[in-house]
Amino acid sequence: MDIIKGIYENIFSHKNTEIPFSDLDFALFKGHSGSGKSSIFDIMCWVLFGETARKKYKSILRDIPDKPKTGKGTVDVVMDDGKKYTVTRKVGRGKGLWIYEDGAEKPISFRTSTQTQQFIEKLLGMNFKTFLNIAYFSQGDVGKFLTSESSERIKVISDLLDFEQVDDMISKNKKDVENISNKIENFKGQLVVLRGKIDGIDVKRMQREKNMKIAASDKTVEDLVVVSQYLDGIKIKNEITDDIQNLKKSHNNQLTNAKHSLAQIKSTIDSLKNKKDMTPELKEKIKVCQEKLIGYDDVRKNLNKLRDEVSEGYGELAKHENKLETLKENKKTYEDILKMEGCECPTCRNIVTKKNLQHIKQKIDEISKQIDKAVIRYNEKNEQLKNKINAREIADKNMEALNRVKAYETDLKNKLKQEENRHERISESVIQYNQFKDSSKKQLDEIKKNIVRLNHDLSYYKDYKLTDLKEYQEKYNKLESLRISIEKDVALLKFQIQDYYDSVKRLKQVEDGMKVYEDEYKIIMYWKDALPKIKIEMIDSIIPFVESETNKYLSQILSGKMIKFMVDPDKATNKLDLFIYDYENGIERIFEGWSGGEKDKMTLSVYLALNKLASLRSGKRVNFLILDEKFSTLGDESKNIFDMLRNEYGDRKIWMISHVKEIDSEFKEIVNVKKINNISNVQISYN
Ligand SMILES: Nc1ncnc2c1ncn2[C@@H]1O[C@H](COP(=O)(O)OP(=O)(O)OP(=O)(O)O)[C@@H](O)[C@H]1O
Ligand SMILES: [Mg+2]
């Protein structure tokens with residue numbers, strides 16, 4: 001990895017800063033305290049990893065003198081494969097992270113910033129922690145490694161050696177041990193249950209018992225066949241006997257019915273015969289009636305004639321009455337004219353005169369005479385009619401009397417007819433009775449014969465033991481329930497035997513399964529012991545390298561001093577102790593006991609050794625080394641330090657922040673950082 005360029009806008013104290021890192025081979029970053037030197041590298045870290053070496057800060061967005069809305073950092077970086085990328089990170093409005101391939105307008109697309117970050121770290125080949133241990137020795141952690149707890153040192157080296165994988169393996173191994181132990185315990189439990197079950201079973205005895213039961217069941221089935229055959233015989237005979245009894249019953253019914261029918265016919269005949277014969281008496285009465293009815297037609301004719309004459313008489317009388325009325329009206333008309341002297345005659349339209357009246361009087365006399373005659377005629381006719389009516393009434397009465405006789409005769413005739421019918425029916429019933437009697441007799445004889453035969457049949461079947469039915473049925477039921485109970489026993493035995501063999505099979509499976517896990521258990525237990533040792537072994541083998549590297553650097557900048565690294569010889573503890581010797585004077589002193597300059601040199605030597613270890617371990621080449629305030633005091637030996645750095649780091653870039661004066665000439669480039677109006681400004685000069 002090589003950093004080419006950094007452009008910072010409104011981050012920390014930098015408003016608009018561009019650092020051309022590709023131009024800086026061996027550069028000194030200098031300036032007053034708070035001018036913005038450390039920020040240059042912290043912003044680089046923030047752009048690439050989203051974190052800074054200083055763990056806490058109030059705001060990454062520039063907060064003085066004005067407060068912009070957005071801060072942005074852009075870093076151009078060349079990866080190990082030679083490809084150039086631009087990484088841009090923004091804070092505030094529109095915050096986010098983007099990575100562009102060289103020259104591309106659009107960033108490589110990811111769904112989330114986390115994914116983009118992962119992609120960048122994959123390209124860089126390291127995370128922030130590794131970056132801090134390999135490339136960026138940040139301000140403030142002077143002597144950290146040398147002064148920290150012995151176990152902390154192991155942790156630093158562990159991180160450099162990427163022990164995370166080993167730790168993962170250890171925790172996975174722990175889980176595996178737990179899992180497999182549980183499984184083995186589970187298998188053991190199953191084995192105890194299965195063995196307990198199998199040990200308590202005498203399977204051979206169960207087999208024998210099962211065979212005996214099967215034989216007993218077969219025997220019961222045979223017995224059942226015999227009994228059921230006998231039972232079937234009895235049942236058939238019972239059915240036949242029932243049929244005969246029913247037949248007999250029906251025959252007896254027929255007999256009874258036939259007798260009953262005959263008795264009914266007989267009683268009908270008797271009831272018909274029991275009545276008195278009325279025929280002669282009725283005939284006599286009819287004869288008397290007929291004698292009385294001689295001349296019936298003449299009486300009726302005479303009556304009809306009289307009726308006609310009466311109605312004619314009424315007609316004639318009415319005519320005479322009309323005539324009389326007409327005459328009376330005429331007379332009245334003339335009498336009225338008499339009173340109309342000097343008036344117009346209503347009939348002739350002449351004026352009535354006295355002379356005329358004479359004529360009218362004569363007319364009135366004429367009419368009066370006619371009226372007298374008409375009255376006499378009317379009275380005569382009236383008398384005649386009365387006589388006729390009397391005659392007709394007498395005739396009517398005669399006719400009525402005769403009609404009654406006639407009705408009586410009709411009644412008698414009907415009765416006679418009924419009587420004749422009765423006689424007819426008696427003779428018919430007698431014939432029917434005789435016929436029925438004959439046929440019934442034949443039928444009855446037949447039925448009687450049948451009954452005799454059925455009785456015979458019945459006596460034949462009585463020879464069979466019908467009473468056995470109940471006994472045999474009970475026998476059958478007992479045998480059947482015996483057979484069922486034996487079969488149940490057999491089924492249970494079969495199940496138990498099968499269960500036994502299943503358990504044996506299962507036992508074998510469990511034993512095999514457990515064996516697999518036991519073998520696996522041995523392996524993971526081996527790893528359980530081995531994995532922590534791997535870490536110690538690795539540290540153990542790496543420590544001489546770190547030690548010799550440290551002393552190699554140290555010997556170039558601080559003669560006669562040596563740092564000894566000591567791990568626990570028994571490898572029982574994760575401890576790494578340091579002893580610092582002044583071997584020229586033969587003394588050993590703790591780190592804090594040395595001067596500031598000595599401490600700085602020791603620290604630098606250890607960092608360079610660790611840096612080398614990390615570079616070798618990760619296989620990543622970092623093309624620069626950032627040293628922020630690693631030397632508070634640099635005396636005459638400063639030349640040695642720079643010579644050593646040039647020797648050891650000649651092929652890489654060195655960017656060093658320092659307050660120390662008079663070392664400018666050692667560097668090829670001087671980066672002057674100044675703060676004007678709270679804003680950092682950068683100027684580069686070249687030696
Ligand atoms: N958000 C911010 N906006 C503006 N300035 C800030 C912000 N955060 C911190 N600063 C200031 O930026 C300045 C630069 O700090 P930096 O650590 O880079 O200084 P330095 O040059 O490394 O100083 P020294 O030599 O003391 O280490 C400091 O004065 C600090 O207070
Ligand atoms: Mg600083």
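**Entry 1: ligand 1.** I looked up the surroundings of ligand 1 and found 16 residues around it, of which Ser 13, Ser 33, Gly 34, Ser 38 and Ser 39 come nearest; a residue counts as near if its C-beta atom, placed from the backbone, lies within 6 Å. The model is predicted, with local features needing pLDDT of at least 70 and side-chain atom pairs counting only at pLDDT 80 or more, while totals for chains, interfaces and linings use all residues. Residues are numbered from 1 along each chain as its sequence is written, and chains are lettered from A and ligands numbered from 1 in the order in which they are written. By class, I noted 10 polar, 3 nonpolar and 3 charged residues in this shell (Ala, Val, Leu, Ile, Met, Phe, Trp, Tyr, Cys and Pro are nonpolar; Asp, Glu, Lys and Arg are charged; the others, Gly among them, are polar).

**Entry 2: confidence.** I read a mean pLDDT (the predictor's confidence in each residue, from 0 to 100) of 88 for the protein, with 96% of the residues at 70 or above. Strand β2 (residues 14-19) has the highest confidence, at 98, and helix α5 (residues 150-160) the lowest, at a mean of 79. Helices (H or I, at least four residues) and strands (E, at least two) are DSSP runs, numbered from the N terminus.

**Entry 3: domains.** I recorded domain 1 (1-125 + 620-687) and domain 2 (279-460), with bounds from an automatic or database domain assignment. Their centres, taken over C-alpha atoms, are 160 Å apart.
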